[in-house]
Every structure is written in structure tokens, then in C-alpha cells.
Amino acid sequence: MAPLPGWKDLPPGCPIQEPLSARNNLTGSWRSARPIWDHDKCVRCGVCDLFCPEACIKPDHEGLYQANLDYCKGCGICAQECVTQCISMKQEEE
Ligand code: SF4
Ligand code: SF4
């Protein structure tokens, strides 16, 4: 693996150098808890999707909301904002 650049190698302001490069940052790798949906209580309003800071919640082909766990960092904002409290956070196994 190539060594990471030092801070002196970074451009001023650290602008994004390449479009869509955030896709390479698998923020789910350091998650300590994951959201679990009770789809029977979900009214498919999309509020969880709007609030997720990783924009990793999307409805599947049946319209059931799910998080992409490659990017879900386990912040719990979706569970906090869900209008029907149908999302609970579950600790990851060690
Ligand atoms: S826990 Fe945080 S990052 Fe994961 S889906 Fe919910 S809002 Fe998004
Ligand atoms: S906020 Fe809750 S009720 Fe609304 S779509 Fe998300 S999980 Fe379903």
C-alpha cells in the first residue's frame, strides 16, 4: 500500500480533487452500531434518508428503506429522526 500523504502534501483548503471520490471512503468500516428497521412500522416517508449524513439510506426494489452498511457509520441520526421510531441501533459484535 502506498504511504499516505503528509499534511504538507495536501493542497490549501483540502478541496476535493476528484469527483465522487467519497465513494472510496468506506465509512462503515469503523461503525460500532448498525440501524435495524422494523419495516412493519415504516410509513416510507423518507425522513431517515434526508437526515443521514452519509446519504446511505435508500429504498430497495420493494420500497423498503435500508442502509448501505459500506457507508453507514452508525451515528444513529436515522433512529433519532424516524417519525415512527421503527429504527433501532444494534451494537456490532466484536
Ligand atoms: S446510523 Fe447514521 S450513517 Fe448509518 S444509516 Fe443511520 S443516519 Fe446514516
Ligand atoms: S423515517 Fe422511519 S418511517 Fe420514515 S422512511 Fe425512514 S424508517 Fe420509514
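By class, how many nonpolar, polar and charged residues does the shell around ligand 1 have? In this predicted model, the shell has nine nonpolar, two polar and one charged residues. The tour below begins with the whole chain and then returns to that site.

**Whole chain**

Display the chain as a cartoon and colour it by secondary structure: two helices and four strands appear. Followed along the sequence, these elements give the pattern β-α-β-β-α-β. The chain is more spread out than a compact globule, because its radius of gyration is 16 Å, well over the 12 Å that the globule rule gives for 94 residues. Reduce the display to the C-alpha trace, which spans about 50 × 30 × 25 Å along its principal axes. If the residues are then coloured by relative accessibility, 27% of the 94 count as buried.

**Ligand 1**

Select ligand 1 next, together with the residues around it. They are Cys52, Pro53, Cys56, Ile57, Ala67, Cys72, Lys73, Gly74, Cys75, Gly76, Cys78 and Met89. With the ligand hidden, the space it takes is the largest cavity.

Two cysteines of this shell deserve a separate selection. Cysteine 52 has a relative accessibility of 13%, and therefore counts as buried, the cut-off being under 20%. Cysteine 78 is also buried, since its relative accessible area is 8%.

**Ligand 2**

Move to ligand 2, which has 14 residues around it; those that come nearest are Trp37, Cys42, Cys45, Cys48 and Cys82. The shell of ligand 2 comprises 11 nonpolar residues, two polar ones and one charged one. The space that ligand 2 takes is the second largest cavity.

**Cysteine sulfur atoms**

With both sites still on display, select the sulfur atoms of every cysteine. How many disulfides does a search of the whole structure find? The search finds zero. A disulfide is a covalent bond between the sulfur atoms of two cysteines.

**Backbone angles**

Finish with two residues whose phi is positive although neither is a glycine. Go to cysteine 14, in the segment before strand S1 (33-37); its phi is about 45°. Then select arginine 44, in the loop between S1 and helix H1 (47-51), where phi is about 60°. Is arginine 44 buried, partly exposed or exposed? Arginine 44 is partly exposed, because its relative accessible area of 47% lies between the 20% and 50% cut-offs.

Notes. Residues numbered from 1 in each chain as written. Chains lettered and ligands numbered in written order. Predicted model: local features only at pLDDT ≥ 70, side-chain atom pairs only at ≥ 80, totals over all residues. Heavy atoms only, no water. Near = heavy atom within 4 Å. 1 Å grid on protein atoms, 1.4 Å probe; cavity = no way out; pocket = protein on both sides within 12 Å on 5 of 7 lines; lining within 4 Å. Sits in = over half its atoms within 2 Å of the grid points. Nonpolar A, V, L, I, M, F, W, Y, C, P; charged D, E, K, R; others polar. Disulfide = S-S within 2.5 Å. Buried < 20%, exposed > 50% of the residue type's maximum accessible area, 1.4 Å probe, protein only. Rg over C-alpha atoms; globule rule 2.2 N^0.38 Å.
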